[in-house]
Amino acid sequence: MNIRQVFTKEIQKREKPDFFKYCPHCAGLMAEKEENQVIRKYCSACGYIQYRNPLPGVTVLIIDDGKVLLGKRGPASFRPGTWCLPGGFIEFKEDFITAAHREVFEETGLEIEIQSIINVVSNFLSGRLHTIVVVLQASVKGGLLQAGDDLEALEWFPLEGKLPEMAFESDTYIIKRYAAEPITGIPADESFRVI
């Protein structure tokens, strides 16, 4: 199976981007200018430019006895009622490995051991949401399986079986690719220890 890292199918309608009306630094009225062939909002009073950048995240493929752990997204989450791999956004104060441990524990109650980085993907989820996600493979090290955070249920699904309705095209791809040809990836930081 060929490697795939950019997922754009999920954009169904073009949404107008969120721009500031007033500068977050000096409260001046924002204007528009072209920079590098992109129209950007800027503040004529202080020079602040509003850049739109992708959000960094992590997702974790947890495999146990030929099954993959998926979570059902709760009513207040993005695409409620669909399923996904555990994961989420990387906080400013954390590295991606810390974020993976935190997100998995918050969503599943499990402690994990990360084996490797198996992919990095760009998800164009809407006209307003673009994420860059580090995909990790891990195994369960401990904890008590219990849905939390924005997940309302957890279930182990056979790697070779039919998946439920998935929230993200990239998650479906990662699972199917791993089922067809287990990925060893690049080793994760073996010296990492949760503090």
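**Note on the predicted model: helices, aromatic pairs and cysteines**

1. Helix 2 has 12 residues and reaches 17 Å from its first C-alpha to its last, close to the 16 Å expected at 1.5 Å a residue. The expected span of a helix is 1.5 Å times one less than its number of residues. Helices (H or I, at least four residues) and strands (E, at least two) are DSSP runs, numbered from the N terminus.

2. The structure is a predicted model, in which local features need pLDDT of at least 70 and side-chain atom pairs count only at pLDDT 80 or more, while totals for chains, interfaces and linings use all residues. Residues are numbered from 1 along each chain as its sequence is written, and side-chain values use heavy atoms, with hydrogens and water left out.

3. Helix 2 is largely enclosed by the rest of the structure, because nine of its 12 residues are buried. Buried means under 20% relative accessible area, exposed over 50%, and partly exposed in between (1.4 Å probe, protein chains only). Among the buried residues of helix 2 are Tyr 173, Ile 174, Ile 175 and Tyr 178, and also the charged-type names Glu 169, Asp 171 and Arg 177. The buried residues of this helix pack against strand 1 (6-7), strand 5, strand 6, strand 7, strand 9 and strand 10.

4. For helix 1 (residues 96-108), 13 residues at 1.5 Å a residue should span 18 Å, and the end C-alpha atoms are indeed 18 Å apart. Its buried residues include Ile 97, His 101, Arg 102, Glu 103 and Val 104. Strand 8 (87-89), strand 9 (110-124) and strand 11 (151-158) are among the elements against which these buried residues pack.

5. Both ends of helix 1 merit inspection. At the N-terminal end, Asp 95 acts as a cap, with a side-chain oxygen 2.9 Å from the backbone nitrogen of Ile 97. A polar contact is a pair of N or O atoms within 3.5 Å; within protein, one must be able to donate a hydrogen and the other to accept it, and residues adjacent in sequence count only if both atoms are side-chain atoms. Just after the helix, Gly 109 takes a positive phi of about 75 degrees.

6. Rings of Phe, Tyr and Trp (its six-membered ring) pair if their centres lie within 6.5 Å; planes under 30 degrees apart count as stacked, over 60 as edge-to-face and the rest as tilted. The count by this rule is three aromatic pairs. One of them, Phe 78 with Phe 168, is stacked, at 6.2 Å centre to centre and 10 degrees between the planes. This pair joins distant parts of the chain, 90 residues apart: Phe 78 is in the loop between strand 6 and strand 7 (83-84), and Phe 168 in the loop between strand 11 and helix 2 (169-180). Phe 78 counts as partly exposed because its relative accessibility is 32%, whereas Phe 168 is buried at 14%.

7. Trp 83 and Phe 157 form an edge-to-face pair, 5.3 Å centre to centre with 80 degrees between the planes. Trp 83 lies in strand 7 and Phe 157 in strand 11, 74 residues apart. Both residues are buried.

8. A search of the whole structure finds zero disulfides, a disulfide being a pair of cysteine sulfur atoms within 2.5 Å. The sulfur of Cys 23 is 3.6 Å from its closest cysteine sulfur, in Cys 46, and is therefore too far for a bond. For Cys 43 the closest cysteine sulfur is in Cys 26, at 3.5 Å, also too far. Cys 23 is buried at 5% relative accessibility, and Cys 43 is buried at 1%.

Technical notes. Contact means heavy atoms within 4.5 Å.
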